[in-house]
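Me: I'm new to this one, so could you walk me through it slowly once it's on the screen?

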Amino acid sequence: MAELKLFRTWSSPFALRVVWALNLKGIQYDTIFEDLSNKSSLLLQYNPIYKKVPVLVHNGKPLVESLLILEYIDETWKQTPLLPEDPSERATARFWAKFGDDKVMLSVWNVFIKQGKDQEEAIVTAQENLGFIERQLSGKKFFNGETIGFVDLAFGWLANLLSIWEEICGVTLIDHEKFPMLSEWIQNFAGAPIIKESWPPRDKLITKNQALLEVYTSKEAPK
Amino acid sequence: MAKNDVKVLGAWPSPYVMRPRIALNIKSVNYEFLEETFGSKSELLLQSNPVHKKIPVLIHGDKPICESMIIVEYIDEVWTSGPSILPSDPYDRAIQRFWAAYVDEKWFAAMRGLRSAQGEERKAFLDQVTEGLALLEEAFGKCSKGKAFFGGDRIGLLDIAFGSFLGWLKVTEKVNGVKLLDEAKTPGLVKWAERFCADAAVKNVMPETEKLLEFSKVLAAKMKGAPPPKN
């Protein structure tokens, strides 16, 4: 029996991507929960450069970086494919996932840590980025079509963390009028059985993100 | 395949643009190279890459593909009769992709920082660059397993990702008066760099160091004249 271990934290949205991928494919694995303020020696051994979660260890060999781990999982276990077969569709999927991590995530986060005029500008940038994503959905249930795939998992944080930040700060970024398709995608994704059962407890997430937002907002405040 | 079926939008100094060109050369695919004018963006570029408005863009038939390493993987998946750019084993593929991402996100970011930094900040970036090269030297040993390239006998994904920065590495060495690739500290990489630059797929797209040095001065002048970046 192949040995598969996932190092994660209870809250990391990046580690959740790997949880979803493994669960969608029905793959058995062991979970090791890390405390990032006290990283295990195993984690540091497996991910010496970034020292982060998630780390997937397959038969003793470590894999790091969530999107790379997803590609590895898809190439190793062929059931319930995450990426399409056609090369140009694969390139498109990789493009949007990268755009999500490189640009969308930070631009959305900025909305919730900035204030006043800076926040107004941050909202414009974030909504421009989200506009690209909205148009990508163009009537499909998921970015992958009828079933959840690579890009859906990459944007999973939008279906959970975003509403938490919106609730804490009292700012709505994705409203149903401006982003009808994204709003519907959020419902569909968040409510999908495999996804729903793995969301971290909401009250714990609110407490954690409240503290996080306070720290970052005070860094951003004008001196 | 008709030549105008495959186009690369780019510019000769860009290491990112080199990547798809090397990949197409490996696959012996003819393509049209459409050079962007420095300082402006063509209509075609803005249409094909509306999200980032950046080069390179590969246009295959009527389909634009963006992001240099995504383009390289696309080329590998489409032109399957040529030599493979990625290994077949999923773990080896993951390792190649990991280091390619490291080169872009960490190592070259430090190289870019070096360009305009002064004093203590400059030393910090230089240390990061050198540490990165030590890691890459180790990775070279593991990936090449005694062969010529990170990809083995032939140039692969990581060779393309890292090798495309060699021109700018040489410019940085000249401008800063430092030796980054060094026979004592990074012997494997020194020999690899020579082999990479001499390879048939690379030779004609790797810019001459002198030409790149001249261009870097033009770039520096433009950056000084530009308004300070918003933080």
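**Charges, fold and one residue**

Reply: Let me begin with the charges of chain B, keeping in mind that this is a predicted model: the mean position of its 32 positive charges and that of its 30 negative charges lie 2 Å apart.

Me: Ok, and which elements make up the secondary structure of chain B?

Reply: Chain B has 9 helices and 4 strands, and, read from the N terminus, their order is β-α-β-α-β-β-α-α-α-α-α-α-α. The radius of gyration of chain B is 18 Å, close to the 17 Å that the globule rule gives for 231 residues, so chain B is as compact as a globular protein of that length.

Me: How much of chain B is buried?

Reply: Of the 231 residues in chain B, 51% are buried, while the area that chain B exposes comes to about 11300 Å², with carbon and sulfur atoms supplying 53% of it.

Me: Switching to chain A, where is Val18(A), and is it buried or exposed?

Reply: Val18(A) sits in helix α1 of chain A, which covers residues 13-24, and Val18(A) counts as buried because its relative accessibility is 0%, where buried means under 20%.

Me: So what is Val18(A) in contact with, leaving aside neighbours within four places in sequence?

Reply: With those neighbours set aside, Val18(A) is in contact with Leu6(A), Pro54(A), Leu56(A), Ile69(A), Leu70(A) and Ile73(A).

Me: And what separates the C-alpha atoms of Val18(A) and Pro200(A)?

Reply: Although Val18(A) and Pro200(A) are 182 residues apart along the chain, their C-alpha atoms are separated by 14 Å.

Conventions
Residues are numbered from 1 along each chain as its sequence is written. Chains are lettered from A and ligands numbered from 1 in the order in which they are written. This is a predicted model: local features need pLDDT of at least 70, side-chain atom pairs count only at pLDDT 80 or more; totals for chains, interfaces and linings use all residues. Side-chain values use heavy atoms; hydrogens and water are left out. Helices (H or I, at least four residues) and strands (E, at least two) are DSSP runs, numbered from the N terminus. The radius of gyration is taken over C-alpha atoms; the globule rule is 2.2 Å times the number of residues to the power 0.38. Buried means under 20% relative accessible area, exposed over 50%, partly exposed in between (1.4 Å probe, protein chains only). Accessible areas come from the Shrake-Rupley method with a 1.4 Å probe; for residues, only the protein chains shown count as cover. Lys and Arg count as positive and Asp and Glu as negative; His and the chain ends are not counted. The place of a charge is taken as NZ of Lys, CZ of Arg, CG of Asp or CD of Glu. Contact means heavy atoms within 4.5 Å.
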